[in-house]
Amino acid sequence: MPVAYEQYLVPVVFRPFAEDLAGRAAALNPGRVLELAAGTGVLTSVLLSAAPSVELTATDLNEAMVTFGSARAPGAVWRQADAQRLPFPDGGFDLVVCQFGVMFFPDRVAAFSEIRRVLAPGGRFLFNTWGPLATHSFEVALQAGLERAFPVDPPQFFPTFPHGYCDPAVVAADLAAAGFAVEDEQELTLQGRATSTADLATGYLTGTPVRAAVEERGGGPAVRATVIEEMAARLGPGPVTAPMTAYVFLAAL
């Protein structure tokens, strides 16, 4: 899964936002930075380039991602870690960053409270979340393909998780419950550029948890063909450019 995620999805979907978030992080001039849900290290590597003097600790819950990311971005210290039970002392970081990870925290207020605990006085928490599914053209097309392939009980991973935490008021309330104040919040739309719709579909079907959902439903090559056909009908076969919307939050103690 990490290989497919890195090959097919990172350049198209995640790198544009990683470059934005790394620029915002570097502008804060942090010394000690903790990254949560680092995945294969796309934000990690961009941040190390944007702010080469930072002491960066990158973490992910998934050990396979940690293994992959540590090879991709060896300039960071990599550790497996649960955001709700961080293995770090109080006040150890100036900045915590997280790219498209907070949506997956089972208890967001608990995770935000842990983030607050490991921040030094004056520390900040910088992160982004996806907007509603309708604002991400690639994933609208993907979901349509899945619903065509599975007319009954289609996989609901993307509406439920990546796009399931898309109300800024709810995010702000959770931050406040954990003791944060929202210093800045912005809606950001960037363009994703894919050379091939078929490759993009392959990335989603093999490099995300949709893979398990499809396998549970007995999906095979016919599912991939149907999803590619539907995505190509909506986006074109490629190259294709499409908008993706996210929210960026900067929270302070």
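This report describes the overall dimensions, the sheet and one buried threonine of a predicted model.

## Overall form

The protein chain contains 10 helices and 7 strands, and its C-alpha trace spans about 55 × 35 × 30 Å along the principal axes. A compact globule of 253 residues would be expected to have a radius of gyration near 18 Å, and the value of 18 Å computed for the protein chain agrees with that expectation.

Of the 253 residues in the protein chain, 53% are buried, while the area that the chain exposes comes to about 10300 Å², with carbon and sulfur atoms supplying 54% of it. When contacts between residues at least 6 apart in sequence are considered, 80% of them join residues that are at least 24 apart.

## The sheet

The 7 strands form an open sheet with mixed pairing, in which the strand order is 3-2-1-4-5-7-6. The edges are occupied by strand 3 (77-80) and strand 6 (181-194), and because each of these has a single partner strand, one side of each is left without a neighbour in the sheet. From one strand to the next, the twist averages 20°.

Strands of a sheet pair through backbone hydrogen bonds, in either a parallel or an antiparallel sense. Strand 6 is paired with strand 7 (residues 240-252) in the antiparallel sense, over 13 bridges, and Leu 188 stands opposite Ala 246 of strand 7. Helix 4 (residues 108-118) packs on the sheet, where it touches strand 1 (32-36), strand 4 (93-99) and strand 5 (119-130), and the direction of helix 4 makes about 145° with that of strand 5.

## The surroundings of Thr 59

Thr 59 belongs to strand 2, which covers residues 55-60. Its relative accessibility is 1%, and Thr 59 therefore counts as buried, the cut-off being under 20%.

A polar atom of the Thr 59 side chain lies 2.9 Å from the backbone oxygen of Glu 35. Glu 35 also appears among the residues in contact with Thr 59 once neighbours within four places in sequence are set aside, together with Leu 34, Leu 36, Ala 37 and Ala 38. The same set of contacts further includes Arg 79, Ala 81 and Phe 88.

Note on methods:
Residues numbered from 1 in each chain as written. Predicted model: local features only at pLDDT ≥ 70, side-chain atom pairs only at ≥ 80, totals over all residues. Heavy atoms only, no water. Helix = DSSP H or I, 4+ residues; strand = E, 2+ residues; numbered from the N terminus. Buried < 20%, exposed > 50% of the residue type's maximum accessible area, 1.4 Å probe, protein only. Polar contact = N/O pair within 3.5 Å; in protein donor to acceptor, adjacent residues only side chain to side chain. Contact = heavy atoms within 4.5 Å. Pairing = 2+ DSSP bridges. Axes fitted to C-alpha atoms, helices over the stretch in contact; angles between N-to-C directions. Rg over C-alpha atoms; globule rule 2.2 N^0.38 Å. Areas by Shrake-Rupley, 256 points an atom, 1.4 Å probe, with all protein chains shown as cover.
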